[in-house]
Amino acid sequence: MGYCIEVEDLVVESEGQRIIDNVSFKVECGEYVVVTGPSGGGKSVLLRTISGGVGYLTGLRTKGRVYINGVNVLEEGVKSIAGTVGVVLQNPVNQVFNLTVEEEVAFPLENMGLDPSTIGERVEWALSLLGVGGLRKKLVSELSMGQLQRVVVASIIAMKPKIMFLDEPCSHIDPAFKKEFYATLRDLWKALGLTIIVVEHELSHVLGYATKMLLLNRRLVAYGDPVELLSKVNIEEYGVKEPPHVKYCRLLKSKLRPISENEVVECLKEVFCRDS
Ligand SMILES: Nc1ncnc2c1ncn2[C@@H]1O[C@H](COP(=O)(O)OP(=O)(O)OP(=O)(O)O)[C@@H](O)[C@H]1O
Ligand SMILES: [Mg+2]
């Protein structure tokens, strides 16, 4: 399979300071990449840049190349990938422009030139997929941040883009719904053959199926198979919480010899008792 996304020697600077420092990576079509790293490590700037939206971030300068399906978005701009890439920003407030929920989801579909009945079906489908079908007639201004975030995700999914970039899409969503959200995203990824890059610091939701993990701290610290990466790098040094089962396996592995029942109990205590 070919590469959908190729990032080469990417630098993003603000007043001479490097926010993204010489980052290169490639994503094959159909992959599911989770980007993680410390707060302020450049995850949101990276996502905005590779989606051609860095122009909206005033005062930032870019160097390098970012190809989406062979198009250099740093030169061609956000319009060159409209319809191909759907972007969910970290702050949903920056992404709503319409009065009602229904209009918000329908608006980009109208711009795509879809017929009214298809638009109606897609709006219904996307809102119910995100568990907010009942909010269809509501004013956007009446929604909670969590509801707004779900509506924004629905408005992107309704366009059925081939590539999706999501920046902490659950940051305002009720934790109880987070697991369900990621299960829905995984099903869509498989059903629609999407390529996904998602910024997330709670790795337990995505570790079971993400094909790659990218650890970013202005520089690219590590990129590769998530399990391999986690066995080599202690992500907690970068402010990312290690999922309990990963910590447990690492602690057991560190014994490197047959271990007693007591040691297993000690490892379990270390993971599940001292964390809380
Ligand atoms: N438009 C901008 N102009 C100048 N500096 C910026 C701009 N946007 C972000 N930065 C700076 O770039 C750095 C990285 O910010 P970014 O928002 O990408 O981090 P992040 O990894 O997404 O953090 P978080 O996990 O808190 O969302 C920060 O120091 C931030 O202050
Ligand atoms: Mg961010």
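Begin by selecting aspartate 9, which is found in strand β1, spanning residues 3-14, and bear in mind throughout the tour that this is a predicted model. Aspartate 9 has a positive phi of about 50° although it is not a glycine, and for orientation it helps to recall that most residues other than glycine have a negative phi. Aspartate 9 is exposed, because only a count of 12 or fewer earns that label and it has 10 other C-beta atoms within 10 Å.

Move next to asparagine 22, which lies in strand β2, made up of residues 17-28. Here too phi is positive in a residue other than glycine, with a value near 60°. Asparagine 22 is partly exposed, with 14 other C-beta atoms within 10 Å of its own.

From the strands, turn to the interior and select Val33, Val105 and Ala154 together. Of the 71 residues in the largest nonpolar core, these three touch the most other members, and α5 gives the most to this core, with 7 residues. As background, nonpolar side chains tend to be buried together in soluble globular proteins. If you then display the surroundings of valine 33, leaving aside its neighbours within four places in sequence, you will find it in contact with Val27, Ile196, Ile197, Ala210, Thr211, Lys212 and Leu214.

Which residues of helix α3 are buried? Val101, Glu102, Glu104, Val105, Ala106, Pro108 and Leu109 are, and the buried residues of α3 pack against α4, residues 116-129, and against α5. Both of these helix pairs deserve a view of their own.

Show α3 (residues 101-111) with α5 (residues 145-157) first, and look along the two axes, which come within 8 Å and cross at roughly 30°. That angle makes α3 roughly parallel to α5, and the crossing of the two helices is right-handed. To see how they meet, select Val101, Glu104, Val105 and Pro108 on the α3 side, together with Val151, Ala154 and Ser155 on the α5 side, since these residues make the contact. Coloured by character, the residues of this contact divide into 5 nonpolar, 1 polar and 1 charged.

Now keep α3 in place and replace α5 by α4. The axes of α3 and α4 come within 10 Å and cross at roughly 130°, and the two helices are therefore oblique to each other. α3 passes α4 in a right-handed crossing. On α3 the contact is made by Glu102, Val105, Ala106, Leu109 and Glu110, and on α4 by Ile119, Arg122, Val123, Ala126 and Leu127. The residues of this second contact divide into 7 nonpolar, no polar and 3 charged.

Before leaving α3, step just past its end to glycine 113, which takes a positive phi of about 80°.

The last stop is glutamate 121, found in helix α4. Is this residue buried or partly exposed? Glutamate 121 is partly exposed, with 13 other C-beta atoms within 10 Å. Finally, add alanine 158 to the selection and draw a distance between the two C-alpha atoms: glutamate 121 and alanine 158 are 37 residues apart along the chain, and their C-alpha atoms are separated by 9.3 Å.

Conventions: Residues numbered from 1 in each chain as written. Chains lettered and ligands numbered in written order. Predicted model: local features only at pLDDT ≥ 70, side-chain atom pairs only at ≥ 80, totals over all residues. Axes fitted to C-alpha atoms, helices over the stretch in contact; angles between N-to-C directions. Helix = DSSP H or I, 4+ residues; strand = E, 2+ residues; numbered from the N terminus. Parallel < 35°, antiparallel > 145°, perpendicular 65-115°, else oblique. Left-handed = near helix turned anticlockwise from the far one by under 90°. Contact = placed C-beta atoms within 7 Å. Nonpolar A, V, L, I, M, F, W, Y, C, P; charged D, E, K, R; others polar. Core = buried A, V, L, I, M, F, W, Y, C linked by C-beta atoms within 7 Å. Buried ≥ 20, exposed ≤ 12 C-beta atoms within 10 Å, placed from the backbone.
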